[in-house]
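Me: I am new to this structure and would like a close look at a single part of it, the place where two helices of one chain meet. Please set that part in its surroundings as well.

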Amino acid sequence: MSPAFEAYLARLYTDATERERFLADPRGTASAAGLPAADLDALERIDRDGLILASESFRRKRASKDAHAPSGLLARLRRCLHAAIRPSSDSTSSVCPVRHP
Amino acid sequence: MSAPRSDRFGLGWRPALAASILSNLDRIDVLEVMAEDFATPAARRALRTLSRQVPVVVHGVALGLASASPVDEKRLSVTARAVEAAEPDFWSEHLAFVRAGGTEIGHLAAPPRCASTIEGTARNVARARAVVGSAPLLENVATLIDPPGSDRDEARFVTEALEAAETDLLLDLHNLHANAVNFGYEEEEFLRAVPSERVRAVHLAGGRCIGVPGKAGASRILDDHLHDVPDPVYALLVETGRRFPGPLTVILERDGLFPPFEETLAELARARTSLEKGRAGKGEAAA
């Protein structure tokens with residue numbers, strides 16, 4: 001696949017409006033973005049559930065990074081000290097009960 | 001860089017764990033630091049100090065090597081300086097793309113598993129080797145979406161990418177488990193396909209199930225690094241020990257919701273036991 005295909009995937013993963021348009025009309029929307037026929041075929045077969053889940057996961061990651069932007073050594077030491085004084089104990093574990101074909 | 005001669009077990013270095021890690025170095029063989037955390041001279045001085053106390057390996061999340069587009073030179077330079085400061089046995093990155101066409105995705109996206117991605121990966125790893133001085137181990141990534149544009153399965157893609165890039169594998173067992181559950185294949189198929197001499201390091205982590213919107217009962221595993229390592233991943237570590245005879249560096253990754261540190265050390269101890277069972281040809285009993 002081409003850099004243009006990757007760029008369109010990046011857009012689908014990050015642009016909710018484009019994603020909604022695409023899910024309503026995958027071939028038409030991707031075609032309007034100028035992708036070649038082979039790319040359109042691949043996008044028409046897209047894992048729609050996966051696209052929604054992955055996009056939401058990426059959105060959360062970006063939001064988390066924005067909230068914890070790199071802030072230098074001093075901030076890291078401050079967080080370290082804070083953690084040493086008040087360690088978190090909130091933990092849960094889960095495993096998917098079934099495999100999905 | 002030199003290869004370790006025996007199995008090693010360690011943790012991902014996180015600021016929130018620093019005090020606990022430094023007071024328990026007798027139970028930790030190796031630390032894995034994130035390259036992107038050491039972009040400043042002051043941070044790299046701290047890294048040099050740390051690497052004199054305990055063996056350190058360097059891990060990156062920002063290069064996006066598995067791409068048809070060229071690797072970002074500024075980010076590569078940051079990685080090179082972190083590696084220079086840490087003097088690790090190896091460094092590693094992901095078989096993922098993280099940006100394209102000027103858009104930052106914000107995390108690791110599974111690339112199209114196809115020939116052009118493999119060719120792009122080989123070019124980017126060659127460039128990384130030239131700038132950093134050594135090639136990264138490449139890590140298999142977890143994905144919630146079956147990567148669009150793929151024409152081969154994950155095992156074949158990873159194997160061919162390693163061969164084309166002439167480098168080795170950081171085998172993330174939770175990523176493998178998550179993808180196998182999410183997309184319906186057996187983890188052992190993947191382990192059988194990977195060349196045994198190319199497996200150098202292992203990641204362990206935990207995740208959680210997330211529901212598929214609008215589809216009652218359907219779920220997928222999200223590799224969020226916020227939960228304990230699940231039993232199936234320890235079972236895969238036993239199998240890893242059985243199949244891959246070379247010395248392995250095993251890193252436990254945890255990014256938040258940190259439990260009391262003794263629980264983290266207990267997970268590390270269970271990892272040692274699991275790999276040793278595999279080395280001895282034994283099975284994994286449930287915890």
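Reply: What follows begins with the chain as a whole, turns to the helix pair, and ends with two loop residues.

This is a predicted model, in which local features need pLDDT of at least 70 and side-chain atom pairs count only at pLDDT 80 or more, while totals for chains, interfaces and linings use all residues. Residues are numbered from 1 along each chain as its sequence is written, and chains are lettered from A and ligands numbered from 1 in the order in which they are written.

Chain B holds nine helices and twelve strands (DSSP runs numbered from the N terminus, H or I of at least four residues for helices and E of at least two for strands). Its C-alpha trace spans about 45 × 45 × 40 Å along the principal axes. The radius of gyration of chain B, taken over C-alpha atoms, is 18 Å, which agrees with the value near 19 Å that a compact globule of 287 residues would have (the rule being 2.2 Å times the number of residues to the power 0.38). Of these 287 residues, 53% count as buried (20 or more other C-beta atoms within 10 Å, against 12 or fewer for exposed and partly exposed in between, with C-beta atoms placed from the backbone).

The helices in question are H8(B), residues 231–243, and H9(B), residues 261–279, whose axes come within 6 Å and cross at roughly 40° (axes are lines fitted to C-alpha atoms over the stretch in contact, with angles from 0 to 180 degrees between N-to-C directions). H8(B) and H9(B) are therefore oblique to each other, since angles under 35 degrees count as roughly parallel, over 145 as roughly antiparallel, 65 to 115 as roughly perpendicular and the rest as oblique. Among the residues making the contact are Tyr234(B), Leu237(B) and Arg242(B) of H8(B), together with Arg270(B), Leu275(B) and Lys277(B) of H9(B) (C-beta atoms, placed from the backbone, within 7 Å).

In the loop between strand S12 (249–252) and H9 of chain B lies Leu257(B), whose phi is near 45°, a positive value in a residue other than glycine. Most residues other than glycine have a negative phi. With 16 other C-beta atoms within 10 Å, Leu257(B) is partly exposed. Glu87(B), in the loop between helix H3 (73–86) and strand S4 (91–94) of chain B, also has a positive phi, of about 50°, although it is not a glycine, and with 14 C-beta neighbours inside 10 Å it counts as partly exposed.

Terms used. Contact = placed C-beta atoms within 7 Å.
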